[in-house]
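Please work through the exercises below with the sequence and the 3D structure side by side. Try each task on your own before you read its solution.

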Amino acid sequence: MRALVVYCHPVAESFTAGVRDAVLRGLRAAGHEVDLLDLHAEAFDPVMGRDERLGYHEPGLNVLPIAGDLERVKQADALIFVAPTWWYGPPAMLKGWLDRVLVPHETFGMPKPLRNLERRLTNIRVLVAVTTLGSPWYWWLWIGQPGRRILLDGVGGIIHPRGRKLWLALHSMDSASAASRAAFLARVEARFARL
């Protein structure tokens, strides 16, 4: 399987970098091909400018600013997000990547009355989000899990209809012990080694 890992964190020595490395070790142990897309290292611009927005619904034209990233998504069998959850959602850079790269006509067909988006990323059969959250699990449920819903339900609505979806999260990150962090890393690596 070819896995595109979309990683987003501005600090090279962050715990999220350790999560990324656990994901990569697990995928490689399982024999999967890995394409790491590090949004900060590749200096991805998350801002959709005026001209890009005006061309957003135009087939062919909307691909031009993000053709490289879109091609990487279209070549993948698995799409894996590794990023922290900040203010209940993905970091701005990752949200900007979703806004700019998952364009209509290429990754989804526009909805029609009483019909959902048309799935066009049917090459993606595995969708995973791995994250850390400052909030405890019960507060995350109370808020409605917006970050999970964006990544697994929103993006999940345009992948293969029988695609597998997985959410791995470490809650209460700010007060997590060294032992609980280490256990989470081990769980992430083991889970991806079984993917």
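The exercises that follow concern a predicted model, and each task is followed by a solution in steps.

**Exercise 1. The overall fold**

Task: Find how many helices and strands the protein has, in which pattern they follow one another, and whether the radius of gyration agrees or disagrees with that of a compact globule.

Solution: Begin with the count, which comes to 7 helices and 7 strands. Next, go along the sequence and write down each element in turn, which gives the pattern β-α-β-α-α-β-α-β-β-β-α-α-β-α. Then turn to the dimensions: the C-alpha trace spans about 50 × 40 × 35 Å along its principal axes. For a compact globule of 195 residues one would expect a radius of gyration near 16 Å, and the protein has 17 Å, which agrees. Finally, consider how the chain meets itself: among contacts between residues at least 6 apart in sequence, 78% join residues at least 24 apart.

**Exercise 2. Inside and outside**

Task: Determine what share of the residues is buried, and which residues have the most contacts inside the largest nonpolar core.

Solution: A residue counts as buried when its relative accessible area is under 20%, and 48% of the 195 residues count as buried. On the outside, the protein exposes about 9,800 Å², of which carbon and sulfur atoms supply 55%. As a general background, nonpolar side chains in soluble globular proteins tend to be buried together. In this model the largest nonpolar core has 36 residues, and those with the most contacts inside it are V6, L39, L79, F81, L94, W97 and V101. Among the elements that give two or more residues to this core are the strands β1 (2-7), β3 (78-82), β6 (126-132) and β7 (164-170), together with the helices α3 (67-74), α4 (92-101) and α6 (146-154). Of these, α4 gives the most, with 5 residues. A second core, separate from this one, has 25 residues, including A22, V128, L168 and M173.

**Exercise 3. A helix in its surroundings**

Task: Work out which residues of α4 are buried, and which elements they pack against.

Solution: List the buried residues of α4 to begin with: they are M93, L94, G96, W97, L98, R100 and V101. Since 7 of the 10 residues of α4 are buried, this helix is largely enclosed by the rest of the structure. The next step is to look at the neighbours, and here the buried residues of α4 pack against β1, β2 (33-38), α2 (50-54), α3, β3 and α6. As a closer view of one residue, V101 touches F44, I66, D69, L70, V73 and T107, when residues up to four places away in sequence are not counted.

**Exercise 4. Salt bridges, buried and exposed**

Task: Compare the salt bridge between D35 and R2 with the one between D51 and R50, and decide for each residue whether it is buried or exposed.

Solution: The count of salt bridges comes to 11. In one of them the side chains of D35 and R2 meet at 3.8 Å, N to O. Because D35 lies in strand β2 and R2 in strand β1, this pair ties together parts that are 33 residues apart in sequence. Both D35 and R2 are buried. R2 and D35 also belong to a network of salt bridges that links them with E33, E42 and R72. Leaving aside neighbours within four places in sequence, R2 is in contact with E33, D35, Q75, A76, D77 and A78.

Now take D51 and R50, whose side chains also meet in a salt bridge, at 3.8 Å, N to O. Here D51 is exposed, with a relative accessible area of 61%, and R50 is exposed as well, at 66%. A further case is the salt bridge between R120 and E118, at 2.8 Å, N to O, in which R120 is partly exposed at 32% relative accessibility and E118 is partly exposed at 35%.

**Exercise 5. A nonpolar patch on the surface**

Task: Identify which residues make the nonpolar surface patch, and where W139 has its place.

Solution: The patch of about 740 Å² is made by W137, Y138, W139, L141, W142 and I143. Take W139 as the example, which lies in helix α5 (residues 137-143). The last step is to judge its exposure, and with a relative accessibility of 35% W139 counts as partly exposed.

Key: Residues numbered from 1 in each chain as written. Predicted model: local features only at pLDDT ≥ 70, side-chain atom pairs only at ≥ 80, totals over all residues. Heavy atoms only, no water. Core = buried A, V, L, I, M, F, W, Y, C linked by side-chain atoms within 4.5 Å. Buried < 20%, exposed > 50% of the residue type's maximum accessible area, 1.4 Å probe, protein only. Helix = DSSP H or I, 4+ residues; strand = E, 2+ residues; numbered from the N terminus. Contact = heavy atoms within 4.5 Å. Patch = residues over 30% accessible without salt bridge, like charges linked within 9 Å, V, L, I, M, F, W, Y side chains within 5 Å. Areas by Shrake-Rupley, 256 points an atom, 1.4 Å probe, with all protein chains shown as cover. Salt bridge = Lys/Arg side-chain N within 4 Å of Asp/Glu carboxyl O. Rg over C-alpha atoms; globule rule 2.2 N^0.38 Å.
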